Amino acid sequence: MPFPAQRMRRLRASATLRRMVRETPLAPDDFIYPLFVVHGQGVRREIGSMPGVFNLSVDEAVAEAQEVYGLGIPAVILFGLPQHKDPIGLENFAPDGIVQQAIQAIKKAVPELVVITDVCLCEYTDHGHCFVIREGRFDNDATLEILDKVVVSHARAGADIVAPSGMVDGMVATIRSALDREGFGMTGVMSYAVKYASGFYGPFREAADSAPAFGDRHSYQMDPANAREALREARLDVEEGADVLMVKPGLPYLDVLRRVRESFDLPLAAYNVSGEYSMVKAAALNGWLDERRVVLETLTAFKRAGADLILTYHAKDAARWLREG
């Protein structure tokens, strides 16, 4: 047989052939789109560090949810910006809180859309931390009591899945117990099981007005140098009753994503976080790269590493590009 015997290029010769043998498919069904909800009417305020992403009043969030569902994206995750902040975040679990209003309005307008809610204190507290602070320290167990109230209020408003993100020890177990106790046994828990203390969150803190007023979050979010610890965190959440696990951020932790995928059978999400989004947007706006190619390549990397679901601010654009083929 003439050299070379193996010609790897044969199955790359046309777009159709490449599509036929593609190992890692990407589809709008893989995406979860984040929404930042604020008080008011007709509010659609672009976030300076995240071009194309907006703070939305409830009416605008409903319109966005309808567009998202029309693009084939099955779910949104809601983040709320309260009217007022206080030491424990009272609006976080108020029946008429901004997220509770958004859940009800979106589920009424688009009942088939899966509504996930971020569950944390940082957007709602005047100190910007994810914990109740007592006598100058982060009080883990007092925080759990607040999280119980938050998830029950979200479930009562109609949330399909709650997503605790504060890296509070025992959060999945106490949330699962609270939901079951209050009759919301079918409400799912998607845990931010592996969440690193990352510099890639910067633009999000503008979007959600959640920067800490003092200190940092290194004592409760994970050290970026640790990977084995991620498996311990994920294992605890599996044992406590999580329905879905998450790794956050995504791109700098693809190795961790793969290790979690190989260790656990639960559905696995990756969060393509704000800093990752903003870097691509900034480079694209400067003409330094092809946004469509880079976004689809990035999202495919998450799938290839083992993610079943991808939380991404690129979701709408990516869904359109995938439709175009």
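**Strands, rings and buried lysines**

Reader: How many bridges join strand 2 to strand 3?

Author: Strand 2 (residues 44–46) and strand 3 run antiparallel. Strands (E, at least two residues) and helices (H or I, at least four) are DSSP runs, numbered from the N terminus. Two strands pair if DSSP finds at least two bridges between them. The number of bridges joining strand 2 to strand 3 is three.

Reader: What pLDDT do local features need in this model?

Author: The model is predicted, its residues are numbered from 1 along each chain as the sequence is written, and side-chain values use heavy atoms, with hydrogens and water left out. Totals for chains, interfaces and linings use all residues, side-chain atom pairs count only at pLDDT 80 or more, and local features need pLDDT of at least 70.

Reader: Which residue of strand 3 stands opposite Phe36?

Author: Strand 1 (residues 31–38) pairs with strand 3 in the parallel sense, over three bridges. From strand 2's side, Arg45 stands opposite Asn55. The residue opposite Phe36 is also in strand 3: Asn55.

Reader: Which residues of strand 3 point the other way from Phe54 and Leu56?

Author: Strand 3 spans residues 54–57, and its four residues Phe54, Asn55, Leu56 and Ser57 are all buried. Buried means under 20% relative accessible area, exposed over 50%, and partly exposed in between (1.4 Å probe, protein chains only). Phe54 and Leu56 point one way; the other way point Asn55 and Ser57.

Reader: What is the angle between the planes of Tyr192 and Tyr271?

Author: Rings of Phe, Tyr and Trp (its six-membered ring) pair if their centres lie within 6.5 Å; planes under 30 degrees apart are stacked, over 60 edge-to-face, and the rest tilted. The structure holds 11 aromatic pairs. Tyr192 and Tyr271 form a tilted one, 6.4 Å centre to centre, with an angle between the planes of 45 degrees.

Reader: How many residues apart are Tyr192 and Tyr271?

Author: This ring pair, 6.4 Å centre to centre, links distant parts of the chain. Tyr192 lies in strand 9 (residues 188–195), and Tyr271 in strand 11 (residues 268–272). Tyr192 counts as buried because its relative accessibility is 1%, and Tyr271 is buried at 1% too. Their separation along the chain is 79 residues.

Reader: At what distance from the ring centre does Lys248 lie over Tyr271?

Author: Ring pairs link Phe36, Phe79, Tyr192, Phe204, Tyr271, Tyr277 and Tyr313 into a cluster. A charge sits over a ring if NZ of Lys or CZ of Arg is within 6 Å of the ring centre and within 35 degrees of the ring normal. The charged end of Lys248 sits over Phe204, 5.3 Å from the centre of that ring. Lys248 also lies over the face of Tyr271, at a distance from the ring centre of 4.5 Å.

Reader: Why is Cys120 not bonded to Cys130, and how far apart are the sulfurs?

Author: A disulfide is a pair of cysteine sulfur atoms within 2.5 Å. The structure holds zero disulfides. Cys130 has the cysteine sulfur closest to that of Cys120, yet the two are not bonded because they are too far apart, at 3.4 Å.

Reader: Which cysteine has the sulfur nearest to Cys122?

Author: Cys122 is in no disulfide, with the nearest cysteine sulfur 4.0 Å away. Cys122 is buried, with a relative accessible area of 7%. The nearest sulfur is that of Cys120.

Reader: Which residue offers a backbone oxygen 2.9 Å from the side chain of Lys303?

Author: Lys303 sits in helix 10 (residues 291–305) and counts as buried because its relative accessibility is 18%. Contact means heavy atoms within 4.5 Å; beyond four places in sequence, Lys303 touches Thr24, Pro25, Leu26, Asp30, Asp308 and Ile310. A polar contact is a pair of N or O atoms within 3.5 Å; within protein, one must be able to donate a hydrogen and the other to accept it, and residues adjacent in sequence count only if both atoms are side-chain atoms. A polar atom of the Lys303 side chain lies 2.9 Å from the backbone oxygen of Pro25.

Reader: Which residue joins its side chain to that of Lys107 in a polar contact?

Author: Lys107 is in helix 3 (residues 98–109) and is buried at 17% relative accessible area. A polar atom of the Lys107 side chain lies 2.9 Å from the backbone oxygen of Leu113. The side-chain partner, in a polar contact of 2.9 Å, is Asp160.
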